[in-house]
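Please take a look at this protein with its ligand. The report below starts with the fold and then turns to the binding site.

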Amino acid sequence: MDLKAHIRDIPDFPKPGILFRDITPLLSDPTALQYTIDLFAEQVAEYRPDYIVGIESRGFIFGMPLAYKLGVGFAPVRKPGKLPAAVHTASYALEYGTDTLELHQDAFPKGNRVLIIDDLIATGGTAAAAAKLVEQTGCTIAGYGFVIELVGLEGRTKLPDVPITVLLPY
Ligand code: AMP
């Protein structure tokens, strides 16, 4: 199936010069959606994760059905101030300033294998920060899964040396 046909390109969103890869057409097509989750699950199953982390907010959309299909638990990585219990925090550099992500300290017991999921990897800062959070829980990174990779930005060079699944390279 041509999944790229279900990704919509929106120029200059959210700011001038950014070509936004919009996944909502893929989500709204029942066949494409089922195909995407099935293919994604098949590819990341070999990483044998004990838990899946989804990065706010589009990482939730893909991470949760994968956790369900693989029969493992799920934990959200969220923007600051959203998680109610004690959190680990990790900050990362943006073009201007920094951003922070949080994960519950008790999201998973020490020593487990955690798979990190997001819709898209661009510069890799977000995904690298998620790895720092998982490491603070005493768990290891089983791998990464992204629907889309913006290959030219070389974001994967910022990630730890673990296997990476990408469904749609651009
Ligand atoms: P980065 O930290 O640069 O790898 O950015 C990744 C995060 O920003 C992901 O959570 C994406 O959802 C979002 N993102 C970055 N660039 C784009 C883009 N061109 N289209 C859609 N989402 C993007």
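Helices (H or I, at least four residues) and strands (E, at least two) are DSSP runs, numbered from the N terminus. From that end, the elements of the protein follow the order β-β-α-α-β-α-β-β-β-β-α-β-β. That comes to 4 helices and 9 strands. The radius of gyration, taken over C-alpha atoms, has a yardstick: the globule rule, 2.2 Å times the number of residues to the power 0.38. The protein has a radius of gyration of 15 Å, close to the 15 Å that the rule gives for 170 residues, so it is as compact as a globular protein of that length. Its C-alpha atoms fill a box of roughly 40 × 40 × 30 Å along the principal axes.

This is a predicted model: local features need pLDDT of at least 70, side-chain atom pairs count only at pLDDT 80 or more, and totals for chains, interfaces and linings use all residues. Residues are numbered from 1 along each chain as its sequence is written, and side-chain values use heavy atoms, with hydrogens and water left out.

**The ligand site**

Which residues are closest to the ligand? They are D118, D119, T123, G124 and T126, and 14 residues surround the ligand in total. A residue counts here if one of its heavy atoms lies within 4 Å of the ligand. By class, the shell has 6 nonpolar, 4 polar and 4 charged residues. Ala, Val, Leu, Ile, Met, Phe, Trp, Tyr, Cys and Pro count as nonpolar, Asp, Glu, Lys and Arg as charged, and the others, Gly among them, as polar.

The table lists polar contacts, pairs of N or O atoms within 3.5 Å.

| Residue | Protein atom | Ligand atom | Distance |
|---|---|---|---|
| L19 | polar backbone atom | nitrogen | 2.9 Å |
| D118 | polar side-chain atom | oxygen | 2.8 Å |
| T123 | side-chain N or O atom | oxygen | 2.5 Å |

The protein covers 82% of the 480 Å² of accessible area that the ligand has on its own. Such areas come from the Shrake-Rupley method with a 1.4 Å probe. Three elements give two or more residues each to the shell: β2 (19–22), β7 (113–121) and α4 (125–136). β7 gives the most, with 4 residues.

**Backbone details**

A cis peptide bond joins F13 and P14, with omega about 0 degrees. P14 sits in the loop between β1 (8–11) and β2. Another cis bond links E56 and S57, with omega about -10 degrees. S57 belongs to the loop between β3 (51–55) and α3 (58–70).

Terms used: Polar contact = N/O pair within 3.5 Å; in protein donor to acceptor, adjacent residues only side chain to side chain.
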